[in-house]
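Thanks for making the time. I will go through one structure this morning, pairing first, then the interior, then the charged pairs.

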Amino acid sequence: MKDVKSIIEGFFNGVCDIFEFIEYKDDFGIIQSEERLVLENIPCRVYYKNTKAAIKGKVSDYVTQKVSIMVGRDISIKNGSVIKVTQNGYTAFYQKTGEAAIYDNHREIEASLKNMFS
């Protein structure tokens, strides 16, 4: 019989690369920051939850989408990190926006779609 961790990881149908902003001193002693790849090809799963907003007791046409990325429990991702996910033949970039929910066998990371032009 499979253990719970193996069952959860069986749902991981994507892979992700994690990019963090690293600070360093340049040749002139000025502190700079750049985005660097820190983890790659990490098994994951992106899932979505859509909710309709209620306005004065009525359900509106405004729908919000919550994005979560599920990874192994031992994967630590810093706030503000950029997460490149490839799942079901589609690649998207997300940004970690909250603290991870840590469970016995996995982590769930709140994320939002990253605007690549900001």
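Strands E6 and E7 form a hairpin, and 3 residues sit between them. This is a predicted model, so please hear everything that follows as a description of a prediction. E6 covers residues 101-102, and its pairing with E7 is antiparallel, over 2 bridges. To place that on the screen, find Ile-102, which stands opposite Arg-107 in E7.

E7 has another partner. E5 and E7 also pair in the antiparallel sense, here over 3 bridges. Two positions mark that pairing: Tyr-94 has Leu-113 of E7 as its bridge partner, and Lys-96 stands opposite Ala-111 of E7.

From E5 we can step back to E4. These two strands are antiparallel, with 6 bridges between them. Val-82, for example, has Gln-95 in E5 as its bridge partner. E4 and E5 also make a hairpin, with 2 residues between the strands.

In that turn is Asn-88, which has a positive phi of about 55 degrees. Asn-88 is exposed, at a relative accessible area of 64%. There is another case of the kind: Asn-41, not a glycine either, has a positive phi of about 55 degrees. Where does Asn-41 lie, in a loop or in a strand? Asn-41 lies in strand E2, whereas Asn-88 is in the loop between E4 and E5. Asn-41 counts as exposed, at 52% relative accessibility. The cut-off for exposed is over 50%.

Now the overall picture. The protein chain has 1 helix and 7 strands. In sequence order the pattern is α-β-β-β-β-β-β-β, with the helix ahead of the strands. Of the 118 residues in the chain, 31% are buried. The accessible surface is about 8400 Å², and carbon and sulfur atoms account for 51% of it. If you count contacts with a separation of 6 or more, 48% of them join residues 24 or more positions apart.

Next, the interior. Which residues have the most contacts inside the largest nonpolar core? They are Cys-16, Ile-69, Val-71, Ile-83, Val-85 and Tyr-94, in a core of 17 residues. Strands E1 (14-25), E2 (31-55), E3 (58-72), E4 (82-87), E5 (90-96) and E7 (106-113) each supply at least two residues of this core.

Val-85 is a useful place to look at that core in detail. Leaving aside neighbours within four places in sequence, Val-85 is in contact with Val-15, Cys-16, Cys-44, Val-46, Ile-69, Tyr-90, Thr-91, Ala-92 and Tyr-94. In general, side chains in a regular strand alternate between the two faces of the sheet.

Two of those contacts of Val-85 are cysteines, Cys-16 and Cys-44. How many disulfides does the structure hold? The number is 0. For Cys-16, the nearest cysteine sulfur is that of Cys-44, 4.0 Å away, and Cys-16 is in no disulfide. Cys-44 is in no disulfide either, and its nearest cysteine sulfur is that of Cys-16. The cut-off for a disulfide is a pair of sulfur atoms within 2.5 Å, so a separation of 4.0 Å does not qualify. Both side chains belong to buried residues: Cys-16 has a relative accessible area of 0%, and Cys-44 also has 0%.

Last, the charged pairs. A search of the whole structure finds 2 salt bridges. In one of them, Lys-78 pairs with Glu-20, and the closest N and O atoms are 3.7 Å apart. Lys-78 lies in the loop between E3 and E4 while Glu-20 is in strand E1, so this pair ties together parts that are 58 residues apart in sequence. The two ends have opposite labels for burial: Lys-78 is exposed, at 51% relative accessibility, and Glu-20 is buried, at 11%.

The other salt bridge joins the side chains of Arg-36 and Glu-34, at 2.6 Å from N to O. Arg-36 is partly exposed, at 34% relative accessibility. Glu-34 is partly exposed too, with a relative accessible area of 32%.

That is what I have; I am happy to take questions.

Note on methods. Residues are numbered from 1 along each chain as its sequence is written. This is a predicted model: local features need pLDDT of at least 70, side-chain atom pairs count only at pLDDT 80 or more; totals for chains, interfaces and linings use all residues. Side-chain values use heavy atoms; hydrogens and water are left out. A nonpolar core is a set of buried Ala, Val, Leu, Ile, Met, Phe, Trp, Tyr and Cys residues joined through side-chain atoms within 4.5 Å. Buried means under 20% relative accessible area, exposed over 50%, partly exposed in between (1.4 Å probe, protein chains only). Helices (H or I, at least four residues) and strands (E, at least two) are DSSP runs, numbered from the N terminus. Contact means heavy atoms within 4.5 Å. A salt bridge is a side-chain nitrogen of Lys or Arg within 4 Å of a carboxyl oxygen of Asp or Glu. Accessible areas come from the Shrake-Rupley method with a 1.4 Å probe; for residues, only the protein chains shown count as cover. Two strands pair if DSSP finds at least two bridges between them.
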